Amino acid sequence: MSAERLSPGRVVTIGALDDEAKLATIQLAERAWYQENITRFSIDPTIGMLVIGDTKYRYDEYLRVFSQDQEISLEQVGTNDVICVQGVDKQIVSVQVTTGHGTIALVNTELFEGGWISLGTKIYAKITPDLTMEVPEGKYELSVANDGYGDSKTVEVEREQVTTVDLDEYRGEGPKLCQVTFEIYVQDAKLYIDGDPVDYEDPVELRYGVHQLTVIADGFETW
C-alpha cells in the first residue's frame, strides 16, 4: 500500500533502515485491532475509560487523538462525532475523528424566540436568545418558524468552526398562513390545536410554525 493510505492513529511496526539509513518498511501492526464508524461511545476521563457500545476499554496518558491529520485532545471529541479506534487487547492506543462537529450560532433571534429551528430531519431545538448548537459537520437545510414568520436555507457546518446564522434573513414575508386538511377516521373524535377545539370538517387555517395537536376519542388513547 502507499504511505498516503496510512491515516494518523494507525498502529504500525517500523522496519529496519537500509544502507542509506532510510526507512525501508512500515507494516500495520498485527496485534492491534481497528474499529471504524463508531457512533455509540462515551468517555470517562476521571478513570481513563472509553466505552464502545457496551464494551469498556482503558486508556492512559499515551493515548493519541487525531482530527483531519491534526493531533487534538480527547476533550475536543464531541458526543455526536464519528470515530475510529485502534487498540491492543483492552487498551485504546489511538482515536481518529472521521466526522467531527461544529457550532451553529444564532443572532438577531428576537422575532423567533419561543419558536423552533430544525436542521435536516433529525435536529430540532427551541429558539432562545442567541442560541448556540453543537452539531455534526455537513450541509443542512436550516428552517426556522414562529408565529407565521420563517424561512429555510442551506447552511454548511465545518469541523471545529462556528457558523453564524442571522435570523433577520429568515423573516420571510410573514405572517404566512396555510390550509391544513385533517383526516381522522374515528367517529366523534375531537381535535385540539394549541389547546383550542377545532372543527376539522373543512381545511383549517394555521400560521406557519410549530403547533401542538391533540386528538381525543372515547375508548382510545389520546394522541
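In the predicted model, the largest nonpolar core comprises 18 residues, among which Ile104, Ile117 and Leu142 have the most contacts inside the core. Two or more residues are given to this core by each of the elements E11, strand E12 (116-119), E14, strand E15 (138-146) and strand E16 (149-157). The greatest contribution comes from E15, which supplies three residues. In soluble globular proteins, nonpolar side chains tend to be buried together.

The surroundings of Ile117 illustrate the contacts made by one of these core residues. When residues up to four places away in sequence are not counted, Ile117 touches Leu106, Ile123, Tyr124, Ala125, Ile127, Leu131 and Met133, together with Leu142, Ser143 and Val144. Leu142, itself listed with Ile104 and Ile117 for the most contacts inside the core, is thus also a direct neighbour of Ile117. A second core, separate from that described above, contains 16 residues, including Phe41, Leu50, Leu63 and Ile83.

Two of the strands that contribute to the largest core, E11 and E14, also belong to an open sheet of three strands. The strand order in this sheet is E14-E11-E17, and the pairing is mixed. Strand E14 (132-136) and strand E17 (162-166) form the edges, each pairing on one side only. From one strand to the next, the twist averages 30°. Strand E11 (residues 101-107) pairs with E17 in the parallel sense, over five bridges. Within the sheet, Val107 stands opposite Asp166 of E17.

Note on methods
Residues are numbered from 1 along each chain as its sequence is written. This is a predicted model: local features need pLDDT of at least 70, side-chain atom pairs count only at pLDDT 80 or more; totals for chains, interfaces and linings use all residues. Side-chain values use heavy atoms; hydrogens and water are left out. Two strands pair if DSSP finds at least two bridges between them. Helices (H or I, at least four residues) and strands (E, at least two) are DSSP runs, numbered from the N terminus. Axes are lines fitted to C-alpha atoms, for helices over the stretch in contact, and angles run from 0 to 180 degrees between N-to-C directions. A nonpolar core is a set of buried Ala, Val, Leu, Ile, Met, Phe, Trp, Tyr and Cys residues joined through side-chain atoms within 4.5 Å. Buried means under 20% relative accessible area, exposed over 50%, partly exposed in between (1.4 Å probe, protein chains only). Contact means heavy atoms within 4.5 Å.
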